[in-house]
Amino acid sequence: MSKTADFAVRTASLEDAEAVSALLQASYPSLMALGYEPVLFARALPLLTKANPALLSSGTWYVVELSGADGALIGCGGWARQRPDAPNEPVDTVLGHLRHFATHPKWTRRGVGRALFERCVADARLAGVCTFECYSSIMAEAFYRALGFRTVEPMKIALGDNLTIPSVRMLCQMTTGPSEATG
Ligand SMILES: CC(C)(COP(=O)(O)OP(=O)(O)OC[C@H]1O[C@@H](n2cnc3c(N)ncnc32)[C@H](O)[C@@H]1OP(=O)(O)O)[C@@H](O)C(=O)NCCC(=O)NCCS
């Protein structure tokens, strides 16, 4: 478990499902809404804020827990080898995909997202991954750029039943240390 003074990053499990859904429901409406057309966002929100059991049990998806008695979750995110939009395709063994990052709105800009990313980098490197891809929300593009990602192209993510939301495909080459990674 990696720790700072206030919080710690640990591997998630299926037992975190309820708390992760609550965290996503606290984070996404307030931090993502400005990037989207309101009616579209209202339709997408219930689908975006459900904890994903496959990620929870993957061993490469993490939660950030507050230090102290109640251990409340203030962040989540991780990586997977499969592209979210191509779950059954063969994987590229040196490519990882960042998935479902969120910080609680009371804890933004305090390094929670960066701590999650650094954990992703450390674990993915050990697994032979040297490039990360992410399908960033409109509002998170600046965050991923700060981590060393470069923007590749705008895209749309299909959420099912004629529902797609705008997104941004981004890439990060992990040729140096996590905080110096270049795009
Ligand atoms: C994107 C998100 C996870 C960032 O979490 P965070 O814990 O606030 O990020 P950090 O504090 O680690 O920020 C690291 C750096 O990213 C950049 N950054 C983060 N949020 C930013 C913002 N809103 N605008 C501009 N830059 C930002 C900054 O350079 C920041 O460093 P600094 O605070 O020292 O300047 C959070 O805003 C969030 O949950 N957003 C809603 C959900 C979402 O869009 N998730 C991405 C799905 S693809």
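Five elements each supply at least two residues of the shell around the ligand: helix H1 (17–32), strand S5 (95–103), helix H4 (112–126), strand S6 (131–136) and helix H5 (141–146). The model is predicted. The ligand sits in the largest pocket. Around the ligand are 22 residues. Twelve of the shell residues are nonpolar, seven are polar and three are charged. Phe101, Thr103, Arg109, Arg114 and Ser137 come nearest to the ligand.

Backbone atoms of the protein meet oxygen atoms of the ligand at several points. At threonine 103, a backbone N or O atom lies 2.8 Å from a ligand oxygen. At glycine 111, a polar backbone atom is 2.9 Å from an oxygen atom of the ligand. For arginine 110, the distance between a polar backbone atom and a ligand oxygen is 3.2 Å. On its own, the ligand has 920 Å² of accessible area, and the protein covers 76% of this.

Two residues stand out for their backbone geometry. Most residues other than glycine have a negative phi. Histidine 100 is not a glycine, yet its phi is positive, at about 50°. Histidine 100 is placed in strand S5, an element that supplies at least two residues of the ligand shell. Arginine 109 also has a positive phi, of about 60°, and is not a glycine either. Arginine 109 belongs to the loop between S5 and H4. This arginine is one of the residues that come nearest to the ligand. With the protein chains alone as cover, the relative accessible area of arginine 109 is 83%. Arginine 109 is therefore classed as exposed, since the cut-off is over 50%.

Another arginine has a contrasting setting. Arginine 119 is found in helix H4, which also contributes at least two residues to the ligand shell. The relative accessible area of arginine 119 is 16%. Arginine 119 therefore counts as buried, because this value is under 20%. Its side chain reaches the backbone oxygen of valine 9 at 3.4 Å.

A further buried position is found in helix H2 (residues 38–48), where alanine 44 lies. Alanine 44 has a relative accessible area of 0% and is buried. Along the chain, alanine 44 and cysteine 130 are 86 residues apart. In space, their C-alpha atoms are separated by 32 Å.

Conventions:
Residues are numbered from 1 along each chain as its sequence is written. This is a predicted model: local features need pLDDT of at least 70, side-chain atom pairs count only at pLDDT 80 or more; totals for chains, interfaces and linings use all residues. Side-chain values use heavy atoms; hydrogens and water are left out. A residue is near a molecule or strand if one of its heavy atoms lies within 4 Å of it. A polar contact is a pair of N or O atoms within 3.5 Å; within protein, one must be able to donate a hydrogen and the other to accept it, and residues adjacent in sequence count only if both atoms are side-chain atoms. Accessible areas come from the Shrake-Rupley method with a 1.4 Å probe; for residues, only the protein chains shown count as cover. On a 1 Å grid over the protein atoms alone, a cavity is a set of points where a 1.4 Å probe fits but cannot get out, and a pocket is an open set with protein on both sides within 12 Å along at least five of seven lines; lining residues have an atom within 4 Å of a point. A molecule sits in a cavity or pocket if more than half of its atoms lie within 2 Å of its grid points. Helices (H or I, at least four residues) and strands (E, at least two) are DSSP runs, numbered from the N terminus. Ala, Val, Leu, Ile, Met, Phe, Trp, Tyr, Cys and Pro count as nonpolar, Asp, Glu, Lys and Arg as charged, and the others, Gly among them, as polar. Buried means under 20% relative accessible area, exposed over 50%, partly exposed in between (1.4 Å probe, protein chains only).
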